[in-house]
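Got your viewer open? Load the model and follow along, one selection at a time.

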Protein chains: 2
Amino acid sequence: MTQAFDSIRAIFWKEDGLYLLDQRKLPQEDVELHLTTAVAVAEAIRDMVVRGAPAIGITAAYGVVTSAIEHQTENFSSRRASILKDIKHLSESRPTAVNLFWALDKMKQCLESGQVTGDNLTQLLLTQAQKIHEEDIKANYKMGEYGASLLSDDAGAVLTHCNAGALATGGYGTALGVIRSAYGAGKIKQVFADETRPWMQGARLTAWEFVTENIPVTLLCEGAAASLMQQGKVSWIIVGSDRIAANGDVANKIGTYSLAILARHHGVKFMVAAPISTIDMKSATGADIPIEQRDASEVFGCGGARVATDGAQAWNPAFDVTPAELVDAIVTEKGIVENPTLEKMQLHMS
Amino acid sequence: MTQAFDSIRAIFWKEDGLYLLDQRKLPQEDVELHLTTAVAVAEAIRDMVVRGAPAIGITAAYGVVTSAIEHQTENFSSRRASILKDIKHLSESRPTAVNLFWALDKMKQCLESGQVTGDNLTQLLLTQAQKIHEEDIKANYKMGEYGASLLSDDAGAVLTHCNAGALATGGYGTALGVIRSAYGAGKIKQVFADETRPWMQGARLTAWEFVTENIPVTLLCEGAAASLMQQGKVSWIIVGSDRIAANGDVANKIGTYSLAILARHHGVKFMVAAPISTIDMKSATGADIPIEQRDASEVFGCGGARVATDGAQAWNPAFDVTPAELVDAIVTEKGIVENPTLEKMQLHMS
């Protein structure tokens with residue numbers, strides 16, 4: 001199955017290793033990085049060559065394959081130990097997106113399964129990583145259908161935050177997959193995108209995805225989102241997630257929680273689109289989700305330019321937590337959870 | 001009367017004309033522009049060499065003085081006509097800050113007063129402009145006292161937006177004057193400042209003011225403000241204003257309305273500090289305040305770097321309107337209006 005508005009991929013496995021579109025350089029430069037070690041893959045995740053919860057999971061899975069190749073001259077038990085060490089290293093690359101740990105768990109299960117031998121190890125791990133990748137894309141197509149079904153035929157325009165698109169996933173996107181499907185169905189005519197400081201994923205990545213596919217996209221600074229809603233310009237906020245707790249609390253890019261409060265204040269609906277692999281039933285509530293604090297330097301500059309005054313401090317959490325009561329719908333490949341609660345999430349996961 | 005933490009001035013009248021600290025270049029460069037024509041002054045206001053509602057008013061007043069000098073060889077009636085034309089030109093430099101029109105009205109009254117002759121015209125206009133400037137500083141000292149009195153002794157930390165400081169006024173600042181006074185009184189220990197996209201007035205100007213005066217300041221991206229409040233890190237939001245309507249609706253830098261909603265959601269108090277010259281009783285509500293739309297290019301880049309993808313649109317309102325019901329206190333040099341309404345504003349202005 002393929003979809004309209006589905007022209008972008010950022011993660012490629014080739015015979016000689018993993019290739020990532022360097023998302024730090026987009027849209028100004030179109031650079032592919034070739035990675036052949038798990039250490040390099042972990043560094044690429046940490047340094048945001050690749051970002052977005054599902055994409056981080058897929059990349060880490062391929063990172064395990066690079067590890068298997070890197071250590072192929074070792075004897076079987078030493079090789080497995082080396083790969084397990086690399087899995088641990090990959091798991092420490094970023095703390096918030098649970099898809100990372102989910103994907104690494106899948107790879108570890110594969111590594112530890114009875115089928116594995118020295119001869120088929122690489123192939124089995126590669127097959128597992130490719131399955132994670134392909135299933136992510138399929139999940140996004142399903143989310144696109146479910147999410148778009150929530151929008152009325154005259155939904156008009158929606159607002160998204162950060163980049164939960166093809167670049168943040170195996171392809172098509174979670175929140176942007178819903179938007180692509182809704183645009184394809186004629187339900188929306190225009191997308192508004194928060195520029196999303198400090199990394200500018202909206203201005204650089206989301207806008208690039210939509211411009212690439214000729215979907216009309218209008219950028220705004222985060223501070224303007226309240227006015228946008230005050231003026232009735234959008235009917236839905238649609239975002240992705242890095243981790244969803246068992247009770248439906250949603251961790252996502254810093255600024256998401258703000259949008260959820262503003263949406264509720266203005267009677268705008270708030271949708272979170274994320275695959276099942278983003279749901280962490282072991283985190284009872286958002287309070288259990290570790291929030292990555294990133295370096296102050298990200299706030300001090302922008303696009304390579306130093307902007308802030310010397311001598312100031314900066315507070316730079318990469319994510320925030322939106323309480324479930326502000327979420328109108330969580331959309332996964334399994335369907336829709338409206339007004340999420342623990343009970344509804346448990347039912348959805350069962 | 002002078003105050004602690006009052007070391008910064010951005011507007012200077014000297015014998016040979018007006019000098020402005022170029023706020024587009026701060027904090028990286030410390031450049032003073034020398035202006036000798038009203039056209040140049042209007043351009044400086046439009047291009048944001050100087051910004052902040054009270055500072056725009058003061059600058060425009062001095063702009064009328066430059067006009068008087070520029071046209072001093074003309075006969076008296078032709079000279080007055082030239083100055084009136086320049087006043088009109090200055091009034092068209094920016095639309096939202098009402099202090100601009102207020103100050104130009106004062107200058108026009110002076111120009112049209114019976115006392116004026118060809119010999120004393122420049123001196124009378126200069127005296128009027130200097131009076132506007134000096135009274136603005138005095139008003140800020142009063143606001144500082146009134147505003148700080150609203151904070152408890154253990155207010156801890158506050159959050160401000162944009163720059164309503166010494167640079168935005170004749171000196172000391174409105175919102176930052178309140179913060180300076182509260183810090184001087186030991187009521188607050190730390191200031192959080194929104195970086196304030198797209199012009200980064202928080203990162204560049206507010207942070208620079210506080211660093212200059214050794215007041216601890218921590219920057220954050222606008223998207224992080226909701227988390228800051230969720231974590232109980234601030235007790236008050238304190239901002240300035242570009243125009244306050246008769247009913248207490250407040251126009252201020254884009255992003256202010258968002259903070260007001262977030263503050264109410266989290267039980268954080270919201271204060272607006274502005275001189276009487278910011279109150280426009282002719283605007284019945286915020287709906288009557290013209291909101292300047294600025295060029296999309298401001299959103300596409302930052303600090304001189306192009307960031308956004310080509311082909312996207314941008315929505316870039318410079319200001320927003322916060323409804324009076326979200327405002328806990330308006331503070332002027334005349335005192336405090338809590339939970340503003342038309343009746344309270346009329347009483348305050350009488």
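Before the first stop, one term: two strands count as paired if DSSP finds at least two bridges between them. Keep in mind, too, that this is a predicted model.

Start in chain A. Select strand S8 (residues 243–245) and strand S9 (residues 250–253): they run antiparallel, joined by two bridges. Zoom in on Ile244(A) and you'll find Val250(A) of S9(A) opposite. Now pull back to the open sheet around them, four strands of chain A in the order S11-S8-S9-S15 with mixed pairing. S11 (279–280) and S15 (319–322) of chain A are the edge strands; each has a single partner strand, so one side of each lacks a neighbour in the sheet. Add helix H9 (residues 256–266) of chain A, which packs on this sheet and touches S9 and S15 of chain A.

Next, select the eight strands S14(A)-S6(B)-S5(B)-S4(B)-S7(B)-S10(B)-S16(B)-S17(B), given here in sheet order; this sheet is open and mixed as well. In the S4(B)–S5(B) pair, parallel over five bridges, look for Val158(B) and its bridge partner Val191(B) in S5(B). Then bring in H5(B), which lies on the sheet against S7, S10, S16 (329–332) and S17 of chain B, its direction at about 155° to that of S16(B). H7(B) packs on the sheet too, touching S4, S5 and S6 (217–220) of chain B.

Last stop: helix H6 (residues 175–184) of chain B. Eight of its ten residues are buried, among them Leu176(B), Val178(B) and Ile179(B). What do the buried residues of H6(B) pack against? Show H5, H7, S4, S5, S7 and S10 of chain B to see their neighbours. Just past the helix, Gly186(B) has a positive phi of about 80°.

Conventions: Residues numbered from 1 in each chain as written. Chains lettered and ligands numbered in written order. Predicted model: local features only at pLDDT ≥ 70, side-chain atom pairs only at ≥ 80, totals over all residues. Heavy atoms only, no water. Buried < 20%, exposed > 50% of the residue type's maximum accessible area, 1.4 Å probe, protein only. Contact = heavy atoms within 4.5 Å. Axes fitted to C-alpha atoms, helices over the stretch in contact; angles between N-to-C directions.
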